Amino acid sequence: MPKDPVMLLSYVNTQLRDFYSSLSALCEDKQCSIEEITAKLAGIDYEYDAARNQFV
């Protein structure tokens with residue numbers, strides 16, 4: 001996973017769009033923390049929208 005928040009945003013949204021039905025499915029498969037991703041992206045004013053399955 002990218003360390004830079006902007007790169008992380010791009011990576012996560014692409015993964016969610018192309019391969020995963022939810023953030024929890026992505027994190028389970030990649031063995032990463034939902035809290036860590038959401039906190040990092042909240043730092044650049046993005047929040048996960050489950051209905052859209054992306055960070056907006």
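At what angle do α1 and helix α3 (residues 34–42) pack, and how far apart are their axes? In this predicted model, the two helices pack at an angle of about 125°, and their axes are 9 Å apart. Because angles of 65 to 115 degrees count as roughly perpendicular and those over 145 as roughly antiparallel, α1 is classed as oblique to α3. The crossing of α1 and α3 is left-handed. On the α1 side the contact involves Pro5, Leu8, Leu9 and Val12, which meet Ile37, Lys40 and Leu41 in α3. By residue class, this contact of α1 with α3 comprises six nonpolar residues, no polar residue and one charged residue.

Helix α1 (residues 5–18) also packs against helix α2 (residues 23–30), here at an angle of about 105° and with the axes 10 Å apart. Since the range from 65 to 115 degrees counts as roughly perpendicular, α1 is described as roughly perpendicular to α2. Tyr11, Val12, Gln15 and Leu16 of α1 make this contact together with Leu23, Leu26 and Lys30 of α2. The residues of the contact of α1 with α2 divide into five nonpolar, one polar and one charged. Val12 of α1 thus takes part in the contact with α2, and Val12 is also listed among the residues of α1 that meet α3.

The loop between α2 and α3 contains Cys32. With a relative accessibility of 23%, Cys32 is counted as partly exposed, because the buried class is reserved for values under 20%. When its neighbours within four places in sequence are left aside, Cys32 is in contact with Met1, Cys27 and Ile37. Of these partners, Ile37 belongs to the set of α3 residues that are met by α1, while Met1 is separated from Cys32 by 31 residues in sequence and by 8.7 Å in space, C-alpha to C-alpha.

Aromatic pairing was also examined. A pair of aromatic rings is described by the distance of the centres and the angle of the planes. The structure holds one aromatic pair, which is formed by Tyr48 and Phe55 and is tilted, with 5.4 Å centre to centre and 55° between the planes. The tilted class applies because planes under 30 degrees apart count as stacked and those over 60 as edge-to-face. As for the accessibility of the two partners, Tyr48 counts as partly exposed at 25% relative accessibility, whereas Phe55 is buried, with a relative accessible area of 3%.

Key. Residues are numbered from 1 along each chain as its sequence is written. This is a predicted model: local features need pLDDT of at least 70, side-chain atom pairs count only at pLDDT 80 or more; totals for chains, interfaces and linings use all residues. Side-chain values use heavy atoms; hydrogens and water are left out. Rings of Phe, Tyr and Trp (its six-membered ring) pair if their centres lie within 6.5 Å; planes under 30 degrees apart count as stacked, over 60 as edge-to-face and the rest as tilted. Buried means under 20% relative accessible area, exposed over 50%, partly exposed in between (1.4 Å probe, protein chains only). Axes are lines fitted to C-alpha atoms, for helices over the stretch in contact, and angles run from 0 to 180 degrees between N-to-C directions. Helices (H or I, at least four residues) and strands (E, at least two) are DSSP runs, numbered from the N terminus. Angles under 35 degrees count as roughly parallel, over 145 as roughly antiparallel, 65 to 115 as roughly perpendicular and the rest as oblique. Contact means heavy atoms within 4.5 Å. Ala, Val, Leu, Ile, Met, Phe, Trp, Tyr, Cys and Pro count as nonpolar, Asp, Glu, Lys and Arg as charged, and the others, Gly among them, as polar. A crossing is left-handed if the near helix is turned anticlockwise from the far one by less than a right angle, and right-handed if clockwise.
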